[in-house]
Amino acid sequence: MTTQDEGAPLAETFECTFDFRPGWIDLTLREGTKSEAKALATKVVNSLNPLAMEIEKSAVFDDMVERAVDLNEDEPALAAGYYSEAGEALANLMVDSYGDEGVPRPGADEITPLLLEWANAEVTGDPQITHVELPAGPAVRVQAMLQVKRRFGFGRKLTEFIKYAVFPPGMQSLIVVTVTWEKIALTEQITELADEAAHTMRITSLASGGTP
């Protein structure tokens, strides 16, 4: 999602938590370094059930490191990946916040077209747009297919996504949860995972001292 550059970013801090079901791995990096990603991946991979894995541990480790670094490139509030018991990465999840000092938070109608904007992709087909009530606040939910430009501009690949634009009560920030996946055959399963995760999200506004 893109927004207009107006004024300074909001100095509003918050804590974002999920009650993730097994399979979701929190890949949030505080420093965003590869060494931090390797430490996280080492801890996670060593905790996996080797009897269930169908992929080499080293391959899962490499994927997790690269995924963590990529997802944290723009410093999201939270980043996560969903891995099957066999060790295959199936989906990405990111939480971002948007807002500018002195600029009113956009409403649901204003934000909906922005949810369909992607820097390196185009929405294909008719998006599903609904209004839902989450524990974190009222939200606009968008689900659609994307044609994503491949690296170096050669060809495109299909990706599916779900975005929730959440309007937490008592906050000025807009919170956006984005889930993406490439295995279209698993859309029903991943849609259920994404919706389930969104309904467990809690947003806690923090005071300047870092306390609720």
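**Exercise 1. Find out whether glutamate 88 is buried, partly exposed or exposed, then describe its salt bridge.**

Step 1. Start with the relative accessible area, which for glutamate 88 is 31% in this predicted model. Buried needs a value under 20% and exposed a value over 50%, so glutamate 88 is partly exposed.

Step 2. Now look for the partner. Glutamate 88 forms a salt bridge with lysine 183, and the closest N and O atoms are 3.1 Å apart.

Step 3. Place both residues on the chain. Glutamate 88 sits in the loop between strand 3 (78-83) and strand 4 (89-98), while lysine 183 sits in the loop between strand 8 (174-181) and helix 4 (187-198). The two are 95 residues apart, so you've got a link between distant parts of the chain.

Step 4. Check the partner's surroundings too. Lysine 183 has 37% relative accessibility, so it counts as partly exposed.

**Exercise 2. Work out which parts of the chain the salt bridge between aspartate 195 and arginine 141 links, and whether each residue is buried or exposed.**

Step 1. Get the distance: the side chains of aspartate 195 and arginine 141 meet at 3.0 Å, N to O.

Step 2. Find the elements. Aspartate 195 belongs to helix 4 and arginine 141 to strand 6, and 54 residues separate them in sequence.

Step 3. Read the accessibilities. Aspartate 195 comes out at 19%, so it counts as buried. That's just a matter of the cut-off, which is under 20%. Arginine 141 is at 9% and counts as buried as well.

**Exercise 3. Do the job again for lysine 157 and glutamate 182, then see how many salt bridges there are in the whole structure.**

Step 1. Lysine 157 and glutamate 182 form a salt bridge, with 3.1 Å between the closest N and O atoms.

Step 2. Lysine 157 is in strand 7 (residues 156-166) and glutamate 182 is in the loop between strand 8 and helix 4, so the pair ties together parts 25 residues apart in sequence.

Step 3. Lysine 157 has 28% relative accessibility and counts as partly exposed. Glutamate 182, at 49%, counts as partly exposed too.

Step 4. While you're at it, note that salt bridges with shared partners join Arg21, Glu192 and Glu196 into one network. A search of the whole structure gives six salt bridges.

**Exercise 4. Explain why strand 8 is described as largely enclosed, and find its pairing strands.**

Step 1. Count the buried residues: eight of the eight in strand 8 are buried, so the rest of the structure largely encloses it.

Step 2. Sort the side chains by direction. In a regular strand they alternate between the two faces of the sheet. Here Leu174, Val176, Thr178 and Thr180 point one way, Ile175, Val177, Val179 and Trp181 point the other way, and all are buried.

Step 3. Look to the sides. Strand 4 pairs with strand 8 in the antiparallel sense over seven bridges, and leucine 93 stands opposite valine 179. Strand 7 also pairs with strand 8 in the antiparallel sense, over seven bridges, with tyrosine 164 opposite valine 177.

Step 4. Carry on to the next strand. Strand 7 is mostly covered, with eight of its 11 residues buried. Strand 6 and strand 7 pair in the antiparallel sense over 11 bridges, and valine 142 has lysine 163 as its bridge partner in strand 7.

**Exercise 5. Check the length of helix 4 against what you'd expect, and list its buried residues.**

Step 1. Helix 4 has 12 residues, and at 1.5 Å a residue it should span 16 Å. If you try this by hand, multiply 1.5 Å by one less than the number of residues.

Step 2. Compare: the end C-alpha atoms of helix 4 are 16 Å apart, which agrees.

Step 3. The buried residues of helix 4 are Thr187, Ile190, Thr191, Leu193, Ala194, Asp195, Ala197 and Ala198.

**Exercise 6. Describe the surroundings of alanine 144 and threonine 112.**

Step 1. Alanine 144 is in strand 6 (residues 137-149) and is buried, at 6% relative accessible area.

Step 2. Skipping residues up to four places away in sequence, alanine 144 touches Val123, Pro127, Thr159, Glu160 and Phe161.

Step 3. Threonine 112 lies in helix 3 (residues 108-115) and counts as buried at 12%.

Step 4. The side chain of threonine 112 reaches the backbone oxygen of alanine 108 at 2.8 Å. Leaving out neighbours within four places in sequence, threonine 112 is in contact with Ile129 and Val140.

Technical notes. Residues numbered from 1 in each chain as written. Predicted model: local features only at pLDDT ≥ 70, side-chain atom pairs only at ≥ 80, totals over all residues. Heavy atoms only, no water. Helix = DSSP H or I, 4+ residues; strand = E, 2+ residues; numbered from the N terminus. Buried < 20%, exposed > 50% of the residue type's maximum accessible area, 1.4 Å probe, protein only. Polar contact = N/O pair within 3.5 Å; in protein donor to acceptor, adjacent residues only side chain to side chain. Contact = heavy atoms within 4.5 Å. Salt bridge = Lys/Arg side-chain N within 4 Å of Asp/Glu carboxyl O. Pairing = 2+ DSSP bridges.
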